[in-house]
Amino acid sequence: MRAILVTTPMNQAAVAAREARDRVAEGDGVYFRRFAREPRGLEVGTKIYYVEEGHVRGYAVVDEVSEVDEGDEPLVCETTGKEWPPGVYAIMRADSWKWIEPIRHRGFQGFRYFDDRNARVVGGWLDPKPRTP
């Protein structure tokens, strides 16, 4: 199964941290990622890794893939209240999050496929974010 790599934009890092704190405080919940076009092989069980602040930090596991079309009820972020536009959504349970030993990587737009053979898990969703080397 292919892993997918996405970037959390620098201007959204604080929002992502707040979303994570909200999910931990609630003891459950989901994250979602919107794709304008569906990555090949996106399915339940796919790992989606995140680049943040110049490093791959961790991943969550896709629990559901949902397509939202024009006229459908939009997905709404529980933390920000933002309504998201049509697209393909990877929905991931918050408790599937795994921190990895940070891997240096430049941010980018869109998505890429990621070879995760060298990713080393160093914590779970309730653990603190690992420091960068």
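Is Glu73 buried or exposed? Select Glu73 and look: Glu73 is exposed, at 69% relative accessible area. For the cut-offs, buried is under 20% relative accessible area, exposed is over 50%, and partly exposed is in between, with a 1.4 Å probe and protein chains only. The areas themselves come from the Shrake-Rupley method with a 1.4 Å probe, and for residues only the protein chains shown count as cover.

Before going on, keep in mind that this is a predicted model, in which local features need pLDDT of at least 70 and side-chain atom pairs count only at pLDDT 80 or more, while totals for chains, interfaces and linings use all residues. Residues are numbered from 1 along each chain as its sequence is written, and side-chain values use heavy atoms, with hydrogens and water left out.

**Stop 1: around Glu73**

Glu73 sits in the loop between strand E4 (55–68) and strand E5 (87–93). Strands here are DSSP runs of at least two residues (helices, H or I, need at least four), numbered from the N terminus. Now add Glu38, Glu67, Asp69, Glu70, Asp72 and Glu83 to your selection: together with Glu73 they gather in a patch of negative charge on the surface. Patch members have over 30% relative accessible area and no salt bridge; like charges are joined within 9 Å, and nonpolar side chains (Val, Leu, Ile, Met, Phe, Trp, Tyr) within 5 Å. Asp and Glu count as negative, Lys and Arg as positive, and His and the chain ends are not counted. Each charge is placed at CG of Asp, CD of Glu, NZ of Lys or CZ of Arg.

**Stop 2: strand E4 and its partners**

Show E4 as a cartoon, then bring in its neighbours. Two strands pair if DSSP finds at least two bridges between them.

- E3 (residues 47–52) runs antiparallel to E4, joined by six bridges. Look for Glu52 opposite His55. The two strands form a hairpin with two residues between them, and Glu53 in the turn has a positive phi of about 55°.
- E5 also pairs with E4 in the antiparallel sense, over six bridges. Here Ser66 stands opposite Tyr89.
- E6 (residues 98–104) is antiparallel to E4 too, with four bridges. Find Gly58 opposite Trp99.

Stay on Gly58 in E4 for a moment. Gly58 is buried, at 0% relative accessible area. Draw a distance from its C-alpha to that of Glu78, 20 residues apart along the chain, and you should get 21 Å.

**Stop 3: salt bridges**

A salt bridge here is a side-chain nitrogen of Lys or Arg within 4 Å of a carboxyl oxygen of Asp or Glu. By this rule there are nine. Go to Glu52 and Lys129, whose side chains meet in one at 2.4 Å, N to O. Glu52 lies in strand E3 and Lys129 in the segment after strand E8 (121–124), so the pair ties together parts that are 77 residues apart in sequence. Glu52 is buried at 14% relative accessibility, while Lys129 is partly exposed at 36%.

Next, pick Glu101 and Arg120, another salt bridge at 2.5 Å, N to O. This pair links distant parts of the chain: Glu101 is in strand E6 and Arg120 in the loop between strand E7 (111–114) and E8, 19 residues apart. Both count as partly exposed, Glu101 at 39% and Arg120 at 48%.

To finish, select Glu52, Glu53, Arg57 and Lys129: salt bridges that share partners join these four into one network.
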